[in-house]
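Hello,

Here is the structure I promised to pass on to you. Please have a look at it first, and then read my notes on its pockets below.

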Amino acid sequence: MNVLAMPAIDFSQFGPVESHPLPRIKKISGANLHRNWVTAPHVTQFDSADITDLEDFRKSMQDEAGKRGVKLTMLAFLMKAVVNALRAYPNFNASLSPAGDELIVKQYYHIGFACDTPDGLVVPVLRDVNQKDVLDIARDLGELSAKARERKLKIEEMQGGCFTISSLGGIGGTAFTPIINCPEVAILGVSRSSIEPVWNPQTKVFDPRLTLPLSLSYDHRVIDGADGARFTSHLRMMLSDVRRLLL
């Protein structure tokens, strides 16, 4: 189906305007995002994870991370959790063939992360995340993020991803619907964590818990709603128990 062309309007007839050229990265990513949106039927599953204990553990590791010159962020733990979930649900670690009649399930775990730069959004890819510990992942995240901001990313450092994480927690918001980075079949959006009251059935009171909002968009041609809910439930379980996450 052809998309109707946007009407050409002279906005200056309504008031003063300025014209600014669109950055090259936004031109490229815009075309890709449009293709991905109209090609893959998107569904977004919302959930939240109790990360109170995980955040305490992350803070306790900061001194050790600092000695290795690493900034240990929540994104490193999210990548560990995502790889665990991809192993449990292999259809998320897959791509449709161009003809759409085969599902290509990958045996590697390269995870992309959306990185905001002055020129626009880029998606560096960490390779073989399943073979790395949290501090190794955090180190790689720091190095790739710095390259992205300095416009030094190589093409191959943005290729081969199996799954993407888009984290807006450092900026704000409660939830959003991320667009799949095709030919991947799913993407995880993460918003800002907040303290929420959670009922404790043992003490019969509400406890203050740090809660992380999750937004999982997936290609409905490959993944149905039940598996989408199972995937976020698995992530929630992993993030809520740091012992499981570090196994």
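A word on terms before the findings: helices and strands here are DSSP runs, numbered from the N terminus, with at least four residues for a helix (H or I) and at least two for a strand (E). Please also keep in mind that this is a predicted model.

Let me start with the largest pocket. About 1,000 Å³ of space lies in it, and 40 residues form its lining. If you want to find its centre, look for Asn-32, Leu-121, Val-122, Val-123 and Met-158, which lie nearest to that point.

Which element gives the most to this lining? It is α1, with eight residues. This helix covers 24-39, and at least two lining residues also come from each of β6 (120-122), α5 (134-149) and β8 (163-167). By residue type, the lining of the largest pocket holds 20 nonpolar, twelve polar and eight charged residues.

Now to the second largest pocket, which has about 900 Å³ of space. Its lining is made up of 32 residues, and those nearest the centre are Thr-73, Leu-75, Ser-167, Gly-169 and Gly-170. Two or more lining residues come from each of α2 (52-60), α4 (74-88), β5 (115-117), α5 and β8. Here α5 gives the most, with five residues. The lining of the second largest pocket divides into 16 nonpolar, ten polar and six charged residues.

When you go back to the model, α5 and β8 may be a good place to begin: they supply residues to the lining of the largest pocket and to that of the second largest pocket.

Best wishes

Conventions: Residues numbered from 1 in each chain as written. Predicted model: local features only at pLDDT ≥ 70, side-chain atom pairs only at ≥ 80, totals over all residues. Heavy atoms only, no water. 1 Å grid on protein atoms, 1.4 Å probe; cavity = no way out; pocket = protein on both sides within 12 Å on 5 of 7 lines; lining within 4 Å. Points joined across faces, edges and corners; volume = space filled by probe spheres on them. Nonpolar A, V, L, I, M, F, W, Y, C, P; charged D, E, K, R; others polar.
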